[in-house]
Structures are given as C-alpha cells and as structure tokens.
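Please open the model in your viewer, with cartoon and side-chain display both at hand. The tour moves from ring to ring and then to the strands.

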Amino acid sequence: MKNLEVSGLVSLRVAAVLLFAGLAACSGSTSSTSSSSSSSSSGGGGSKTIGVSIQNREAQFYQDMESGMKSEAVKYGYTVSVVDASRDNSKQQSQVEDFISQKVAAIVLTPYDSQAIGSAIVEANSANIPVFTADIANASSQGKVVTHIASDNVQGGGQAGKLMCAALGSAGGSVAILDEPEVTSVQDRVKGFKAALASGCPSVKIVADIDGGGERAKASSAMEDILQSHKDLKGVFGINDDSALGAATAVSGAGLTGKVAVIGYDATPEARAAIKAGTMYGDAIQHPDQIGSKTIDAIHDFFAGKTPPAKIAVPVGTFTKADAK
C-alpha cells in the first residue's frame, strides 16, 4: 500500500513539473511573438531592402543624393541597394525587373527616360512593390508612383534666370540655353528660367535653345556651334553643371571668358571652383543630399501606414563668387 502511495505521489509531482514546463514554454512563445510584433510595427523599421536605380551614378549630384539616402536609411535599419542605369533605359528597365525578383520592399527611380520608364513601373505595381521617384519624375501615363521627391525646379530655373539678369544688367543681350528637353526636371528649369527673364530683364533675349545632352563633351561642342552662329552672345544657361562646365570650356577656348556669362545648375564642387575662378558667373544650388534623405523618410512613412504627399519639393538657392570661400 505504501509503495502505491509513494508511486502515486511521484506521478503527481512529475505531472506538475511537466504542466509547469508547458506553461512556461507557452508564456515564452507568447512573449517572443509579442516582441516580434512590436518590432515590426514600430514605424516600419527592420531589415527592409530598398532598390535604387540611378540614371547616372557618376554624376556628383547623384553621388550626393545616394549619400543622403544611405545616411537616412541607417536611422531606420534599412539597406539601400544602388545600381547605375548608365543613361540606358533598357538597362534601367532590367534593373527594375531584378529588384522585383529580389523582392525588395520598395523601389526608387531617377528615370533616364521619363516617358519610357512607365512600363517598368507597371511591373513593380503588379508585384505590389511601391515605387518612388527622386529628382526626375515619371512622365508616362503608365504606372503609379507613391511620391516624387525633387528640387522645386521651376523655382530653381527662376533663380538661374535672376542670376542671368544680374550678370547682364540693364544692357541685356542675347543668351542661349544648353537644354536636355526629354527630362522632366529640365523642362521645369527651362520654364522657370524663361519666366524669370521675361519678368526680370525683358531686354535679355533667348536666341538659341540647343540639346546639350546634359553631358560635358556634348555641351561643349554645342556651345562652340552657338558661338559661331551668334557672335554677340552675352550669356548661356546650362541646365546642369556638366552642361555649364562644358560651355565654359568652349567660351574659354574662344577667348570670351568674362564676356559671356555662364550660369549653371547644381553647384557641384567643380562648378563652385569655376565660379570662384571667374570662368562661371553663378549657379542655382540644389540640395541632393536632402532629396535623398527625404526620399527615405517618405518610404519610411509609407511603411508605417501613412500616406506621404504626391510631391515633396526641396527649395533651390543660388551660389555666386560672393559665396565662394
């Protein structure tokens, strides 16, 4: 009888121990799940990867924008995977397809071809991957973009126009534009530039608007042709600093430094040095690092369930020799 009682007590104790262990395990599982849920809901952070296709990663502007993205991404624990489209629409489309196959959490594009990029955006939409554009917008009727983050390029073009008015003064004169008309941001810059001339110095007349491709060599060649056709040219607006620096090279080669005012757009370190040296008059100054950081902020808001505005504009300032140090 005693043996039976002892055996019964042992059985009860073993059952109690097993029950307690089971409850502890359940408690631990619940705690872990709660912790995981809390982590994933705290503002959308975590190990998300954002795919970024930049139209020309060699440009200083885009290097600064990339730096701004990566610095801001660190705050949220995101990984930013950046690839270079090398000014090739087909390559950029393939990069979007690669991001889709990698199942990135979001895609950021600076389209090389604002019209043709639409079909790639549609593919990302179909895969339920949110798409954001930075600096250059999607001009296609296809594809849905969550938010476009860029400089206020109409206002920035206006700043360039004001610089041209200041450079030429009341005498006015003939000026040229080294354009890149297929790019939406450039269209806005030229629009703002023309409006500023019309309102601020109507004696300044645009006599040439040439596609310089946004590239230094092509812009320099185009500027040489303009100088041959317009011997009395007083100024030129390059829609980015590569265009302006290319123009400055052509102006210098023609022995016209100081006689033809060169206005650029971006205020890259090289352009600032040229302004300080007097081979360029001034620049509209963008803040690409802010465009980059604000792009990541917009993505973070989207991950957190918020609806970011359709457009986020970053103001543009001016840079002249007085600002050079």
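Begin with the aromatic side chains of this predicted model: a search of the whole structure finds five aromatic pairs among them. For the opening stop, select Tyr78 and Phe303, whose ring centres are 5.5 Å apart and whose planes stand at 90°, an edge-to-face arrangement. Now colour the chain by residue number, and the pair can be seen to link distant parts of it, since Tyr78 belongs to the loop between α2 (60-76) and β2 (79-84) while Phe303 belongs to helix α10 (residues 288-303), 225 residues apart.

Are these two rings buried or exposed? Tyr78 has a relative accessible area of 7%, and because the cut-off for buried is under 20%, Tyr78 counts as buried. Phe303, with a relative accessible area of 19%, is buried by that cut-off too.

Stay with helix α10 and select Phe302 together with Phe132, whose ring centres lie 6.0 Å apart with an angle of 85° between the planes, so this pair is edge-to-face. Phe132 is found in strand β4 (residues 131-134) and Phe302 in helix α10, so the pair ties together parts of the chain that are 170 residues apart in sequence. A surface display is useful here: Phe132 is buried, at 0% relative accessibility, whereas Phe302, at 32%, counts as partly exposed.

Return to Phe303 and add Tyr76 to the selection, because by the ring-pairing criterion Tyr76, Tyr78 and Phe303 form one aromatic cluster. Next add Lys48, whose charged end sits over the ring of Phe303 at 5.3 Å from the ring centre. A second arrangement of this kind can be shown by selecting Arg272 and Phe319, where the charged end of Arg272 sits over the ring of Phe319, 5.0 Å from its centre.

Finally, hide the side chains and show the strands as a cartoon. Six strands make up an open sheet, with parallel pairing, and following it across gives the order β2-β1-β3-β4-β5-β11. At the edges are β2 and β11 (311-314), each of which pairs on one side only, and the twist from one strand to the next averages 20°. To look at one pairing in detail, select strand β1 (residues 49-54) and its neighbour β2, which run in the parallel sense and are joined over six bridges. Which residue in β2 is the bridge partner of Gly51? Select Ser81 in β2, and you have that partner.

How values were computed. Residues are numbered from 1 along each chain as its sequence is written. This is a predicted model: local features need pLDDT of at least 70, side-chain atom pairs count only at pLDDT 80 or more; totals for chains, interfaces and linings use all residues. Side-chain values use heavy atoms; hydrogens and water are left out. Rings of Phe, Tyr and Trp (its six-membered ring) pair if their centres lie within 6.5 Å; planes under 30 degrees apart count as stacked, over 60 as edge-to-face and the rest as tilted. Helices (H or I, at least four residues) and strands (E, at least two) are DSSP runs, numbered from the N terminus. Buried means under 20% relative accessible area, exposed over 50%, partly exposed in between (1.4 Å probe, protein chains only). A charge sits over a ring if NZ of Lys or CZ of Arg is within 6 Å of the ring centre and within 35 degrees of the ring normal. Two strands pair if DSSP finds at least two bridges between them. Axes are lines fitted to C-alpha atoms, for helices over the stretch in contact, and angles run from 0 to 180 degrees between N-to-C directions.
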